[in-house]
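Work through the exercises below with the structure open. Try each task before reading its solution.

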Amino acid sequence: MWNNMLWPLAAMQQGIDLVNRQMLANQCRLLRDYLDGFKAVGRLPHDMEGISFKINGCDSELISPKGSSTQRYVLYLHGGGFALGSLDTHRELVTAFARNADARILAINYRLAPDYPSPAGLDDSLAAYQWLVDQGVTADRLAVCGDSAGGGLAVSLLQKLHEQKAPQPAACVLLSPWVDLSCSSQSMDLNAATDPILNRVQMHAFAELYANKLPLDSPEISPLFGNLCGLAPLHVQVSSQEILRDDARRLVEAIQQQGGQAELNETPWMPHVWQLLYRYLPQAATSVRQASRFIKLQTAG
């Protein structure tokens, strides 16, 4: 009898979840259209230069310090829950890394969910990495950097390179990385009251948009559960108060247990990806400098 009573409730909940996912997908599209209206030309500071082009059909930018002879390159993968974010939202942070790491930074508008779920973003990231290699950039002069969902993509990219037996980049920097899309980290609940930006319900909805019906704990979707051996040296930054704190802790611990090189830098009482506020928060500027120092130490330039 109870099963007969519960089945309609379960079906109703599935229907509600479907409607909510559709609403989120539409909201993501609307927000992207809204942000597109604020695109501006010539927003680079006077000491920076950039060129725009397409890689695998994706808008891309290569930004570097004017007059620099650096041969150090960084592939930057922006965050945004795999459904938001762009060259425009992250250009200032990319510029900060170019200046502090004395590097030429390639940033891309990889394809986004819900229109382009997994593995579109990873395919575009791999194409951008290969583009750099095709330009003659050797692995010892190359780093990968990503924030939030872009941090997850960065780890997936390293895993894909390892799978293909291709050389790893010299370094990888992750800012508040999202590497467990099943949202099973304890900090999802423990830090719910101290994270002003993210919450479990929101993250789970974005994860389902991206996953393309694959299980959220599958290695293709959540790189934390994939092969973590043989990856590039990692520098990971996370706030002690954000809900993704334990994603970062678990990733670093798992890599260290398997003999890899990974370091964790926790900063207290900062919002998710606080590095975006480097012009306004001293802690953010310090974090960008620390990450840039890691890139410079690990790469030839």
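**Exercise 1. The start of a helix**

Which backbone nitrogen does a side-chain oxygen of S86 reach at the start of α2?

Solution. The model is predicted: local features need pLDDT of at least 70, side-chain atom pairs count only at pLDDT 80 or more, and totals for chains, interfaces and linings use all residues. Residues are numbered from 1 along each chain as its sequence is written, and side-chain values use heavy atoms, with hydrogens and water left out.

Step 1. Locate the helix: α2 covers residues 87–101. Helices (H or I, at least four residues) and strands (E, at least two) are DSSP runs, numbered from the N terminus.

Step 2. Go to the start of α2. There the S86 side-chain oxygen comes within 3.1 Å of the backbone nitrogen of D88.

**Exercise 2. Course and burial of α2**

Find where α2 bends, and decide whether the helix is enclosed.

Solution. Step 1. Follow the axis. A kink of about 30° is centred on L93. The bend at a residue is the angle between axes fitted to the seven residues ending there and the seven starting there.

Step 2. Check burial (buried means under 20% relative accessible area, exposed over 50%, partly exposed in between; 1.4 Å probe, protein chains only). Eleven of the 15 residues of α2 are buried, so the helix is largely enclosed by the rest of the structure. Among them are L87, H90, L93, F97 and A101. L93 thus appears twice: it centres the kink and it is buried.

Step 3. Look just past the end. D102 has a positive phi of about 50°.

**Exercise 3. A hairpin**

Describe how β1 and β2 pair, and inspect the turn.

Solution. Step 1. Count bridges. β1 (residues 48–55) and β2 (residues 58–65) are antiparallel, with eight bridges. Two strands pair if DSSP finds at least two bridges between them.

Step 2. Pick one position. S52 lies opposite E61 of β2.

Step 3. Inspect the turn. Two residues separate the strands of this hairpin, and N56 in the turn has a positive phi of about 55°.

**Exercise 4. Two cysteines**

How many disulfides does the whole structure hold?

Solution. Step 1. Apply the cut-off: a disulfide is a pair of cysteine sulfur atoms within 2.5 Å. The search finds zero. For C145, the nearest cysteine sulfur is that of C172, 7.4 Å away. That is too far for a bond.

Step 2. Add burial. C145 has 1% relative accessibility and counts as buried. C172 is buried too, at 0%.

**Exercise 5. The surroundings of C172**

Place C172 in its strand, then trace the neighbours of that strand.

Solution. Step 1. Examine β6 (residues 171–175). Five of its five residues are buried, so the strand is largely enclosed. A171, V173 and L175 cover one side; C172 and L174 lie on the other.

Step 2. Take the first neighbour. β5 (residues 142–147) runs parallel to β6, joined by five bridges. A143 has A171 as its bridge partner.

Step 3. Take the other neighbour. β6 and β7 are parallel and share four bridges. Here C172 is bridged to L234.

Step 4. Approach from the loop between α6 (200–211) and β7 (234–239), where L231 is found. L231 is buried at 13%. L231 and C172 are 59 residues apart in sequence, yet 9.0 Å apart in space, C-alpha to C-alpha. Beyond its neighbours within four places in sequence, L231 contacts V155, L158, Q159, H162 and Q168. Contact means heavy atoms within 4.5 Å.

Conventions:
Polar contact = N/O pair within 3.5 Å; in protein donor to acceptor, adjacent residues only side chain to side chain.
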